[in-house]
Protein chains: 2
Amino acid sequence: MYSSANVSERQAQAPSLAISTVIFALRTDPGTGRSEIWLPLVRRIRQPHLGKWALPGGPLGGRESLQDAAARNLRETTKLEPTYLEQLYAFGGLDRSATQRLVSIVYWALVRPEQADLARESENVRWFRASDAAGLAFDHDEIVAYALERLRGKIEYGSVAYHFLGARFTLAQLRGVYEAVLGRHLDPANFRRQLRSARDIAATDEVLQGGRNRPPRLYTYTGPDQEAPSPGPAPRLPAEGQSAGPPS
Amino acid sequence: MYSSANVSERQAQAPSLAISTVIFALRTDPGTGRSEIWLPLVRRIRQPHLGKWALPGGPLGGRESLQDAAARNLRETTKLEPTYLEQLYAFGGLDRSATQRLVSIVYWALVRPEQADLARESENVRWFRASDAAGLAFDHDEIVAYALERLRGKIEYGSVAYHFLGARFTLAQLRGVYEAVLGRHLDPANFRRQLRSARDIAATDEVLQGGRNRPPRLYTYTGPDQEAPSPGPAPRLPAEGQSAGPPS
DNA sequence: CCAAAAGTGTTTGGATTACACCCATGG
DNA sequence: CCATGGGTGTAATCCAAACACTTTTGG
C-alpha cells in the first residue's frame, strides 16, 4: 500500500492517457456541386482551452481495447457510427497541455454522408470544413493536418474511398471523393479504367435516374469491410522533433 | 484527495503505459556473404513471462517525450545509439498481459553494423535473426512481424536503407540492404539506375580496395538525417480486430 | 587468360496520360 | 437538336524489368 503523498507523486509522474478521433465525412457544396471534406468538433466545456473547438475524445476505460474506446467515445460525443476506423498516431509531447502531462492515442474515422447529415449540430458539436479547421484546442490543428495527410496517402493505395459512400454509388461520386481528398481534377475516362482493374468494385444492373444527363450506372464495393492486409509504403514520419510534441 | 481504496480502484482501472522498441541491424552471414536482419532482445527478469525474450522497453517518464523515452530506454538496456527512430504503433488489447492492463507505444529503430557488433551480448541481452525471433513474451512476436512489415514498406519509398550503413558504402552493400529487407534478388544494373535518379546519394571519388574483383566506388548519403517530409501511401492497417489486441 | 563483380547500353512490355469520339438523357 | 455528363477507344509517353555487353580487378 502506498501513502497518500506517494500516490499523488506517482500520479503526477504517470502521464494520463486519452483517446481522440478525427472524423471525416463528405458534403456536397450546394453551389459548385463539388464534394468537400468536413469533420465534427466538440466545444471544450472546461479548462484548459475552455470554449475552443477540439477533437472528440476521452479517457481509456479499463475494460476496452484502444479501438473500442475510440468507437465508443465517438458514438457518445457525436452520435456517429463510423464505417472505417484506424489508429493514426500516439501524441505525447511535453507541451501538449499546460495543465498536465497528456498522452493521446488518436484514431481517424470515416462516416457516410447520411450519418453526417443525420448527426445535426448541437450547442457543443459543430461541423467544419477541413480547410477551415484552425485555431483548435491543444495541438489538434496539427493532428487534423496529419490525419488529412494519412487520408490522402491511404486513398491512393488502399480502398478507403468507399467508406465515404453508401452501398451503391456512381463512378462520378467515387471520383468526387478522390478529387476532394487529393485536391485535384481526375480524368473521368482514366479513373474508370484504374478502378475496373484491381480495385474491388462491381457494377450493378441499376442506374441512377433523375439526373439531367445520361443515367450513370450504380456500383457496389465488394472488398472487405475494414481493409485487406496490404503492405505498401509507410506514412510520412510524424517527427516529434528531437524531444518535442506533435508532427511538424 | 482520494481515499486509499479509491486510489487503488483508479489504478486498477487506469491502464499502465510503457514504451518499447524494435531495433533492427544488419549482419553479414559469414558463409553466404549475404546480409540478414537481426534484432536484440532482453530476457525477462520478472513475472509475467519470466525468462522469455522480449523487446527492450520500460515506463514513460514524466519529463520526456515519447521518442525521448524510446531513445533513452534503448540506450539503457542495449547500449545502442540508433541512427533512425520512428513510432510504430500503440498496442492496447485487453489480453496483452495476464497480470495487468498494459498499453505499449512501440517504436522501431535502425542501428549501424558497428553498433551492433560493439554491443556485445550479455547474460540478459542477445541478438536474434529476425526470422528466428519467435516465442517471445507478451504479443511481441506480432509486434516484430508488424515492424518488419513497416520496414519493408518504408524502404521502398523512403530513404531508411542508408541508416543501416555507415557514412560510406558501396552500391552492392546498399543493394544487400534492400535484398535482405525485401527478401528477393534485385538486378544490380536496374538498382543502380533507380538510385541515381531521385534518391539522395552522391558518389565520392574513392573506391573500396581489397576485394577480389574490380574495386567498387564508394557513395555517401546526402539526405536529411531523420527522413524528409514525404507523403506517400499509408501503412497496412494493423487491425485490432473488433476489440482485440495487436495487428493480425 | 579466366572468373567475377562493377558498371553501361538497349530492348521490351505494361501502365499512365491525354484526348478524340460515341451514347443517352432532359430540356 | 443541343448541351452535358456517361462511357469507350487509341495513340503517345513514361517507367521498370530483363539482359547483352564492356571494364577492371585478383588469381
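Hi everyone, let me start right at the DNA. Around DNA strand C, the nearby protein surface divides into five nonpolar, five polar and nine charged residues. Before I go on, please keep in mind that this is a predicted model.

So who is sitting there? In total, 19 residues surround DNA strand C. The closest are Asn190(A), Arg212(A) and Pro215(A) from one chain, and Arg193(B) and Asn213(B) from the other. If you look at the strand's own atoms that come within 4 Å of the protein, sugar and phosphate account for 63% of them.

Let me walk you through some individual contacts on strand C. On the base side, Arg193(B) has a polar side-chain atom 2.9 Å from a base oxygen. Arg193(A) also points a polar side-chain atom at a base, here with 3.3 Å to a base nitrogen of DNA strand C. For the backbone, take Arg192(B), where a polar side-chain atom lies 3.4 Å from a phosphate oxygen of that strand. As for secondary structure, the elements giving two or more residues to this surface are H6 of chain A, along with H5 and H6 of chain B. Which of them gives the most to the surface near DNA strand C? That is H6(A), with four residues.

Now please turn the model around to the other strand. DNA strand D is surrounded by 19 residues, and the closest of them are Asn213(A), Arg217(A), Asn190(B), Arg212(B) and Arg214(B). Sorted by class, the surface near strand D has nine charged, five polar and five nonpolar residues. Among the atoms of DNA strand D within 4 Å of the protein, 63% are sugar or phosphate, and the rest belong to bases.

I picked three contacts here, and each goes to another part of the nucleotide. For the sugar part, an N or O atom in the side chain of Asn213(A) is 2.9 Å from a sugar or linking oxygen of DNA strand D. For the phosphate, Arg217(A) uses a polar backbone atom, 2.9 Å from a phosphate oxygen. And for the base, the side chain of Arg214(B) brings an N or O atom to 2.9 Å from a base oxygen.

Which helices are involved on this side? At least two residues each come from helix H5 (171–182) and helix H6 (188–196) of chain A, and from helix H6 (188–196) of chain B. H6(B) gives the most to the surface near DNA strand D, with four residues.

Since H6(B) has come up, let's see how it packs against its neighbour. Two packed helices are described by the angle between their axes and the distance between the axes. Here the axes of H5(B), residues 171–182, and H6(B) come within 11 Å and cross at roughly 95°. That angle makes H5(B) roughly perpendicular to H6(B). What fills the contact between H5(B) and H6(B)? From H5(B) you have Leu171(B), Leu174(B), Arg175(B) and Tyr178(B), and they meet Pro188(B), Phe191(B), Arg192(B) and Leu195(B) of H6(B). By class, that contact has six nonpolar residues, two charged ones and no polar ones. You may recognise Arg192(B), whose side chain we met at a phosphate oxygen of DNA strand C.

Let's move to a glutamate. Glu64(B) sits in the loop between strand E4 (57–59) and helix H2 (66–78) of chain B. Is Glu64(B) buried or exposed? Glu64(B) counts as buried because its relative accessible area is 10%, and the cut-off for buried is under 20%. Its side chain makes a polar contact of 2.7 Å with the side chain of Arg72(B). Leaving aside residues up to four places away in sequence, Glu64(B) touches Pro59(B), Ala69(B) and Arg72(B), plus Leu94(A) and Arg101(A) from the other chain.

Last stop, some backbone geometry. The peptide bond from Gln47(A) to Pro48(A) is cis, with omega near -5°. Pro48(A) is in the loop between strand E2 (35–43) and strand E3 (53–54) of chain A. Chain B has a cis peptide bond joining Gln47(B) and Pro48(B), with omega about -5°.

The histidines are worth a click too. His49(A) is not a glycine, yet its phi is positive, about 65°. It is partly exposed, with a relative accessible area of 25%. In chain B, phi of His49(B) is near 65°, and this residue is partly exposed at 26% relative accessible area.

That's my tour, thanks for listening!

Note on methods. Residues numbered from 1 in each chain as written. Chains lettered and ligands numbered in written order. Predicted model: local features only at pLDDT ≥ 70, side-chain atom pairs only at ≥ 80, totals over all residues. Heavy atoms only, no water. Near = heavy atom within 4 Å. Polar contact = N/O pair within 3.5 Å; in protein donor to acceptor, adjacent residues only side chain to side chain. Nonpolar A, V, L, I, M, F, W, Y, C, P; charged D, E, K, R; others polar. Axes fitted to C-alpha atoms, helices over the stretch in contact; angles between N-to-C directions. Parallel < 35°, antiparallel > 145°, perpendicular 65-115°, else oblique. Contact = heavy atoms within 4.5 Å. Buried < 20%, exposed > 50% of the residue type's maximum accessible area, 1.4 Å probe, protein only.
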